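Visitor: I would like to be walked through a protein structure, and to hear for each term why it is used. Could you show me the structure before we start?

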Number of protein chains: 2
Amino acid sequence: MEKIRVGIVGYGNLGKGVELALQQSPDFELTGIFTRRAPETMQSVTGNVPFFHIDTAKDYVGKIDVMILCGGSATDIPEQGPHFAAMFNTVDSYDTHAKIPEYHASVDEKAKQNGNTSVISTGWDPGLFSLNRMIAEAILPVGKEYTFWGKGVSQGHSDAIRRIEGVKGGVQYTIPMESALERVRAGEDPELSTREKHMRECFVVAEDGADKDKIAETIKTMPNYFDEYETVVHFISEDELKTEHARMPHGGFVIRSGKSGRDSKQIIEFSLKLQSNPEFTASVLVAYARAAYRLNKEGQSGAKTVFDVAPAYLSPKSTAQLMKELL
Amino acid sequence: MEKIRVGIVGYGNLGKGVELALQQSPDFELTGIFTRRAPETMQSVTGNVPFFHIDTAKDYVGKIDVMILCGGSATDIPEQGPHFAAMFNTVDSYDTHAKIPEYHASVDEKAKQNGNTSVISTGWDPGLFSLNRMIAEAILPVGKEYTFWGKGVSQGHSDAIRRIEGVKGGVQYTIPMESALERVRAGEDPELSTREKHMRECFVVAEDGADKDKIAETIKTMPNYFDEYETVVHFISEDELKTEHARMPHGGFVIRSGKSGRDSKQIIEFSLKLQSNPEFTASVLVAYARAAYRLNKEGQSGAKTVFDVAPAYLSPKSTAQLMKELL
């Protein structure tokens, strides 16, 4: 079997997740990892992958089929997306929802000019959640859509806690309200306020001698981040933070509550329960890298989203096998 | 807006559901309903749709864009699928899983010969459940897949009950075992026997003077249908059967329990809770009718399954709108 040759651009949690995910997919071959850091100082998780400086990527045109972009959405991807789309097929998990149309246009232009194919904004939200929102709405046009996130770590909220005076460390979990989920699943179509949808649970390590009451109060009243939510604050030891809260779990629910024909209630629900958010996003990236490669082979160039990719392109199985085993 | 002109072939519960679903989708126009019965004796649910004899369908070539086939999978669809694919774009919910490859081949041949596009075996299983099984497996290749059905009415089991001596009427619900679902969701990856996955609940109307104990015993020990399951039998009045059990609810769960990278447990779950099984299947058929029409406009002819259709084709929204509103 001819393997799909891929490169990873950026080697944080997501890049490491992609390296590991590729090991579960024998139709891929990892050519190398591209980094801004000094390549000779790097060591890959699986131990035997070469590192190259990101500026040398152009030397790999024709040697790599798909570049998997694993940088951050704030500054890396908006620049790297079009840059790499001019040289390679690419896949990314750009997740700044409001700026996706603009990003799509910039990648699409470069990809089309160079006959490459880029699948943008994959992962789970945007990504699988978007797919489910879209399909459910197309099937049940009369209805209401709900997205709940969690239980999972929010990096932004965890950072906000850690900036408070007297806080040594901490982590914040966004938790969907079970009562709200139940009302949606029961077909009540409720209008839900922010505080009715999610609560926030914080695990905080205080500095020695810090005023814990004051820290808790500062968290709970922090505008935008916590003040609109029911917020619970637990103080824990540094050890406990390390042993119990080192994983990056996440997940959530997309529910469409619709009505068909004779006022029949129809509920479509999709949910994820992830022990590792970056590893899961990485697994989605790898499946869409397979799609980008195949779409390109068929001459379909330009920027694509999860909406544009026929599901069969994600699987290494043949059409006949899919039909027999999974339909 | 130019409307998609459709015809309905077969006017049972599914055909009626399609007629109703089309009313929620203003981009369609229902040209007529094709039936084997005498057209002049028919009356449509919405009251103003013309009926035509099925043998006159050929007169509508060029006047109907997509035929939505609503016959049964046992004998109607295997014959009607290729027959109509030779004349029109079609969509159907053929659900005899084991025979799908053979059916696909027969429709594909006729559709390709005539430049038509047919989306076969849509609905929810096969259909949305298949889509979720496939996508989840592609993303988490290391893992285990579980499908549970229910709570819902099984026509086959209900029929089996009604054939028992002394039974006047009855309905059977297949119910997934909550304990099994919980074990799967907890990531235990259990091996589940038939009786651990589902139970069966029967509501039976006995004839006057019939031996209820004997009826219950006959149901519970019926080979293939009930003997492998935990089965509960309730005796109810004819009135109660009519008022409480007239709907055709169904649904189920597709869960993939996978492991990524560093042994992280990742759970993907898709579920449906449907008050009306035929109306939901009808809603799915209508969305795929839109896809069949568009694929054909693009010159993609032949038989397709849900795996071959890019999700965007299901929605009346433009690419730009989808990206902005749903990604």
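What follows is a conversation about the terms used for this structure and the values behind them.

Visitor: What should I know about how the values were obtained?

Guide: This is a predicted model, in which local features need pLDDT of at least 70 and side-chain atom pairs count only at pLDDT 80 or more, while totals for chains, interfaces and linings use all residues. Residues are numbered from 1 along each chain as its sequence is written, chains are lettered from A and ligands numbered from 1 in the order in which they are written, and side-chain values use heavy atoms, with hydrogens and water left out.

Visitor: Why is A:Gly32 called buried?

Guide: The word buried stands for a relative accessible area under 20%, exposed for one over 50%, and partly exposed for what lies in between, with a 1.4 Å probe and protein chains only. A:Gly32 has a relative accessible area of 0%, so A:Gly32 counts as buried. This residue is found in strand S2 of chain A, where strands (E, at least two residues) and helices (H or I, at least four) are DSSP runs numbered from the N terminus.

Visitor: Which residues does A:Gly32 touch, leaving out those up to four places away in sequence?

Guide: Contact means heavy atoms within 4.5 Å, and with that rule A:Gly32 touches A:Val6, A:Gly7, A:Ile8, A:Val49, A:Pro50 and A:Phe52.

Visitor: What makes S1(A) and strand S2 of chain A a pair?

Guide: Two strands pair if DSSP finds at least two bridges between them; S1(A) and strand S2 (residues 28-35) have six bridges, in the parallel sense, and therefore meet that rule. One of the partners is A:Ile33 in S2(A), which is bridged to A:Ile8. Strand S1 (residues 4-9) is also mostly covered, with five of its six residues buried.

Visitor: What is on record for S1(A) and strand S4 of chain A?

Guide: Four bridges join S1(A) to strand S4 (residues 66-69), and the two run parallel, with A:Val6 standing opposite A:Val66. From S4(A), A:Val66 and A:Ile68 point one way and A:Met67 and A:Leu69 the other way, and all are buried. S4(A) also pairs in the parallel sense with strand S5 (residues 89-91), over three bridges, and there A:Val66 stands opposite A:Asn89.

Visitor: Why is the unit of S1(A), helix H1 and S2(A) called right-handed?

Guide: A crossover is right-handed if, with the strands pointing away from the viewer, the path from the first strand over the helix to the second runs clockwise. S1(A), helix H1 (residues 13-22) and S2(A) make a right-handed β-α-β unit, and S4(A), helix H2 (residues 76-85) and S5(A) make a right-handed one as well.

Visitor: What makes strand S8 and strand S11 of chain A edge strands?

Guide: In chain A, four strands form an open sheet with mixed pairing, in the order S8-S9-S10-S11. Strand S8 (152-153) and strand S11 (230-235) each pair on one side only. Strand S9 (residues 167-176) and strand S10 (residues 198-206) of chain A pair in the antiparallel sense over nine bridges, and A:Pro176 has A:His198 as its bridge partner.

Visitor: How do you know that chain A and chain B are related as by a two-fold rotation axis?

Guide: The copies are superposed by least squares on the C-alpha atoms of residues with pLDDT of at least 70 in both, and chain A can be laid on chain B with an RMSD of 0.1 Å by a turn of 180° and a shift of 0.0 Å along the axis. The two copies are thus related as by a two-fold rotation axis. In chain A, the C-alpha nearest the axis belongs to A:Ala310, at 1.8 Å from it.

Visitor: Why is it said that the copies meet through the same surface?

Guide: Of the interface residues of chain A, 100% are also interface residues in chain B, so the surface is the same. The contact takes 67 residues from chain A and 67 residues from chain B.

Visitor: Why is the contact of B:Glu137 with A:Lys317 called a salt bridge?

Guide: A salt bridge is a side-chain nitrogen of Lys or Arg within 4 Å of a carboxyl oxygen of Asp or Glu; for B:Glu137 and A:Lys317 the closest N and O atoms are 3.0 Å apart, so the pair qualifies. Between chain A and chain B the count is two salt bridges.
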